[in-house]
Amino acid sequence: MNRPGLYVHVPFCRTKCPYCDFYSVTSLSLVPAWLDALQREVLIYRDRFESFDSLYLGGGTPTILGSRELTRLMGTLFQDFSFSRDPEITIEANPDDITKEKMALLRHLGFNRISLGVQSLNEKELQFLKRRHSAKQAEEAIEVIRASGYTNLGIDLMYALPGQDESVWMATLRRVVEYNPAHISCYQMTISEGTPFYRMLRQGRIQAPGEERERAFFLLTSAYLEENGYVHYEISNFA
């Protein structure tokens, strides 16, 4: 419990979702320069920590990186940082990046946990969120991950969307629970300044659900997951 965990932000996406205010760019031309910069930064910090007990690659979309880039990234981290004997190594993934070949690469590189950005299993909601995957692709990705031998799977979802009905949200949540993931993140939509959704909100093209609706979604979600064995250990996270 005294060891720190290491987070690495991979700031690349194929497209920008209209709700996202995390830093990322859609051009992959900067990947080589970013890897060079990361390698220099690792050398700066390598003597400040004795060892890490976990590694988390977030983003952005880490699975956008190809085999060569991911191999170089992991080589840099494990060459110059020390890790505990059995660290948890997580990578965030988008459903449309998941293939048998990609899963074989991730296992070869030492990843033992997948965090899958599903967000919704409703087609209209996925289109509204400008996600690149369909509900079918999301479920197929879960099945490929399971078939690849991964039991430590986290699934990210989003609720309290503008105009969202509770029954539609619960249909997604029930379906996800059927897959029995080890971890579920349920993020209440936050419309942040500077995002396309913020501009749409200011223009009156979408409406935020309001505090009472958000409260109802939150309590419904927490109660349902608790009934199904999930511990609500942090505001958006269940395990």
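Q: Which element gives the largest share of the lining of the second largest pocket?
A: A good way to read a pocket is to ask which elements its lining comes from. In this predicted model, helix α1 gives the largest share of the second largest pocket's lining, with 5 residues. The elements that supply two or more lining residues here are β1 (5-10) and α1 (31-45).

Q: What is the volume of the second largest pocket, and which residues lie closest to its centre?
A: Start with the volume, then look to the middle. The second largest pocket has a volume of about 200 Å³. Of the 13 residues that line the pocket, L6, Y7, L38, E41 and F81 are the closest to its centre.

Q: How do the lining residues of the second largest pocket divide by class?
A: Sorting a lining by class shows what sort of side chains face the space. For the second largest pocket, the count is 11 nonpolar, 1 polar and 1 charged.

Q: How much space lies in the largest pocket, and how many residues line it?
A: We can read this pocket in the same order. About 860 Å³ of space lies in the largest pocket. Its lining is made of 36 residues, and Y19, F22, Q119, D156 and Y187 lie nearest the centre.

Q: Which strands each supply at least two residues of the lining of the largest pocket, and how does that lining divide by class?
A: Try finding the strands on the structure one by one. They are β2 (52-59), β3 (83-93), β4 (113-119), β5 (153-159) and β6 (183-188), each with at least two residues in the lining of the largest pocket. By class, this lining holds 12 nonpolar, 16 polar and 8 charged residues.

Q: At what angle do α1 and α2 pack, and how far apart are their axes?
A: For a pair of helices, read the angle and the distance together. The axes of α1 and α2 are 10 Å apart, and the packing angle is about 5 degrees. Angles under 35 degrees count as roughly parallel, so α1 and α2 are roughly parallel to each other.

Q: Which residues make the contact of α1 with α2?
A: Look along both helices. From α1 come V31, P32, W34, L35, D36, L38, Q39, V42 and L43, while α2 brings E69, R72, L73, T76, L77 and D80. The contact of α1 with α2 has 9 nonpolar, 2 polar and 4 charged residues.

Q: How do α2 and α3 cross?
A: Here the handedness can be read too. Helix α2 (residues 67-80) and helix α3 (residues 100-108) have axes that come within 11 Å and cross at roughly 15 degrees. The pair is therefore roughly parallel, and α2 passes α3 in a right-handed crossing. On the α2 side the contact uses S67, L70 and T71, and on the α3 side K102, L105 and L106. Those residues divide into 3 nonpolar, 2 polar and 1 charged.

Q: At what angle do α6 and α8 pack, and which residues make the contact?
A: Use the same steps once more. α6 and helix α8 (residues 211-227) pack at about 25 degrees, with axes 11 Å apart. They are therefore roughly parallel to each other, and α6 passes α8 in a right-handed crossing. E166, W169, M170, L173, R174 and V177 of α6 meet R213, A216, F217, L220, T221, Y224 and L225 of α8. By class, the contact of α6 with α8 divides into 9 nonpolar, 1 polar and 3 charged residues.

Q: Which residues does a cis peptide bond join?
A: For this feature, read the omega angle of the backbone. G59 and G60 are joined by a cis peptide bond, with omega at about 20 degrees. G60 is found in the loop between β2 and α2.

Q: What is phi of A160, and where is that residue?
A: Phi is another backbone angle to look up. A160 has a phi near 60 degrees, a positive value in a residue other than glycine. A160 has its place in the loop between β5 and α6 (166-178).

Key. Residues are numbered from 1 along each chain as its sequence is written. This is a predicted model: local features need pLDDT of at least 70, side-chain atom pairs count only at pLDDT 80 or more; totals for chains, interfaces and linings use all residues. Side-chain values use heavy atoms; hydrogens and water are left out. Axes are lines fitted to C-alpha atoms, for helices over the stretch in contact, and angles run from 0 to 180 degrees between N-to-C directions. Helices (H or I, at least four residues) and strands (E, at least two) are DSSP runs, numbered from the N terminus. Angles under 35 degrees count as roughly parallel, over 145 as roughly antiparallel, 65 to 115 as roughly perpendicular and the rest as oblique. A crossing is left-handed if the near helix is turned anticlockwise from the far one by less than a right angle, and right-handed if clockwise. Contact means heavy atoms within 4.5 Å. Ala, Val, Leu, Ile, Met, Phe, Trp, Tyr, Cys and Pro count as nonpolar, Asp, Glu, Lys and Arg as charged, and the others, Gly among them, as polar. On a 1 Å grid over the protein atoms alone, a cavity is a set of points where a 1.4 Å probe fits but cannot get out, and a pocket is an open set with protein on both sides within 12 Å along at least five of seven lines; lining residues have an atom within 4 Å of a point. Grid points are joined across faces, edges and corners, and a volume is the space filled by probe spheres set on the points.
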